[in-house]
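The report below goes through selected local features of one protein chain, with attention to how aromatic side chains, helices and loops are arranged. What can be read from the coordinates is kept apart from what comes from a database record.

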Amino acid sequence: MEDEAERIEQVFGILRDGETELLRGLLADGLPANLQNARGDSLLMVAAYNGRHAEAALLLGHGADPMLANPKGQLPIVGAAYQGDARMVGLLLDHGAPVDGAGTDGRTALMTAAMFDRAPVVELLLARGADPALRDAKGQTALQAAEAMGARVAPGLLRAAGQD
């Protein structure tokens, strides 16, 4: 069992190090695209959070599920939004991640991007049809979350999109 855990961590290290061709070979040899580490993060979640675009595209091409949440209920698209990675958010959307997909806390990528004032991600998500009126489990909209966190740009973008 310990050998298996070490092997899994090695695969995640390969991903974090950007070893695309090595990852491609592992996937071709049968590595599950939805492999999760001991913390419950999928390969795609780690790729999304770490800005590993080529690896994320490779995983998605091998069937990685963009809706596979970690035990905290976080989705890859929300991780990418938190990081402010509009390119990754677009990649995930292009491969089936719902624009308003939310984890167990009800927080969407738009809410997360707005909270942390990731303006390019907010713009992308709005352009791709994200609903700024949705509320998370605490009842907050993206605008309310952005204002509560002191975001400077996102509130204006959300108001321009019709959110009061």
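## An aromatic cluster

In this predicted model, Tyr49, Tyr82 and Phe116 form one aromatic cluster, and the count of aromatic pairs comes to two. The rings of Tyr49 and Tyr82 have their centres 6.0 Å apart and their planes at 10°, so this pair is stacked, given that planes under 30 degrees apart are classed that way. Because Tyr49 belongs to helix α3 (residues 43–49) and Tyr82 to helix α5 (residues 76–83), the stacked pair ties together parts that are 33 residues apart in sequence. Tyr49 counts as partly exposed, with a relative accessibility of 38%, and Tyr82 is likewise partly exposed, at 31%.

The rings of Tyr82 and Phe116 have their centres 4.9 Å apart and their planes at 85°, so this pair is edge-to-face, the class for planes over 60 degrees apart. Since Tyr82 lies in helix α5 whereas Phe116 lies in the loop between α7 (109–115) and α8 (119–127), the pair ties together parts that are 34 residues apart in sequence. Phe116 counts as partly exposed, its relative accessibility being 29%. The surroundings of Tyr82 also include a charged side chain, for Arg118 lies over the face of Tyr82, at 5.8 Å from the ring centre.

## Helix α5 and its surroundings

Helix α5, which contributes Tyr82 to the aromatic pairs, is largely enclosed by the rest of the structure, because six of its eight residues are buried. The buried residues are Pro76, Ile77, Val78, Gly79, Ala80 and Ala81, and what covers them includes α3, α6 (86–94), α7 and α8. Just after α5, the backbone at Gly84 takes a positive phi of about 80°.

## The nonpolar core

The largest nonpolar core has 49 residues, of which Ile77, Leu92 and Leu125 touch the most other members; Ile77 is also one of the buried residues of α5. In soluble globular proteins, nonpolar side chains tend to be buried together. When residues up to four places away in sequence are not counted, Leu125 touches Val89, Leu93, Val99, Ala109, Leu110, Ala113 and Ala130.

## Loop residues

Asp117 is found in the loop between α7 and α8, the loop that also holds Phe116. The phi of Asp117 is near 55°, which is a positive value in a residue other than glycine, and its relative accessibility of 24% makes Asp117 count as partly exposed.

Two other loop positions, Asp136 and Thr104, can be set beside one another. Asp136 is found in the loop between α8 and α9 (142–148) and is buried, with a relative accessible area of 7%, whereas Thr104, in the loop between α6 and α7, is exposed, with a relative accessible area of 72%. Leaving aside residues up to four places away in sequence, Asp136 touches Asp105, Gly106, Arg107 and Met111, while Thr104 touches Lys72 and Gly73. The side chain of Asp136 also reaches the backbone nitrogen of Lys138 at 2.8 Å.

Distances between C-alpha atoms give a further sense of where these two loop residues sit. Asp136 and Ala114, which are 22 residues apart along the chain, have C-alpha atoms separated by 13 Å, and Thr104 and Pro155, which are 51 residues apart in sequence, are 24 Å apart in space, C-alpha to C-alpha.

## Annotated repeats

According to an unreviewed UniProt entry, the feature "repeat: ANK" is placed at residues 72–104 and 105–137; such annotations may be inferred rather than shown by experiment. In the model, residues 72–104 are 52% helix and 0% strand, with end C-alpha atoms 8 Å apart. Residues 105–137 are 48% helix and 0% strand, and the end C-alpha atoms of this span lie 5 Å apart.

Notes:
Residues are numbered from 1 along each chain as its sequence is written. This is a predicted model: local features need pLDDT of at least 70, side-chain atom pairs count only at pLDDT 80 or more; totals for chains, interfaces and linings use all residues. Side-chain values use heavy atoms; hydrogens and water are left out. A nonpolar core is a set of buried Ala, Val, Leu, Ile, Met, Phe, Trp, Tyr and Cys residues joined through side-chain atoms within 4.5 Å. Buried means under 20% relative accessible area, exposed over 50%, partly exposed in between (1.4 Å probe, protein chains only). Contact means heavy atoms within 4.5 Å. Rings of Phe, Tyr and Trp (its six-membered ring) pair if their centres lie within 6.5 Å; planes under 30 degrees apart count as stacked, over 60 as edge-to-face and the rest as tilted. Helices (H or I, at least four residues) and strands (E, at least two) are DSSP runs, numbered from the N terminus. A charge sits over a ring if NZ of Lys or CZ of Arg is within 6 Å of the ring centre and within 35 degrees of the ring normal. A polar contact is a pair of N or O atoms within 3.5 Å; within protein, one must be able to donate a hydrogen and the other to accept it, and residues adjacent in sequence count only if both atoms are side-chain atoms.
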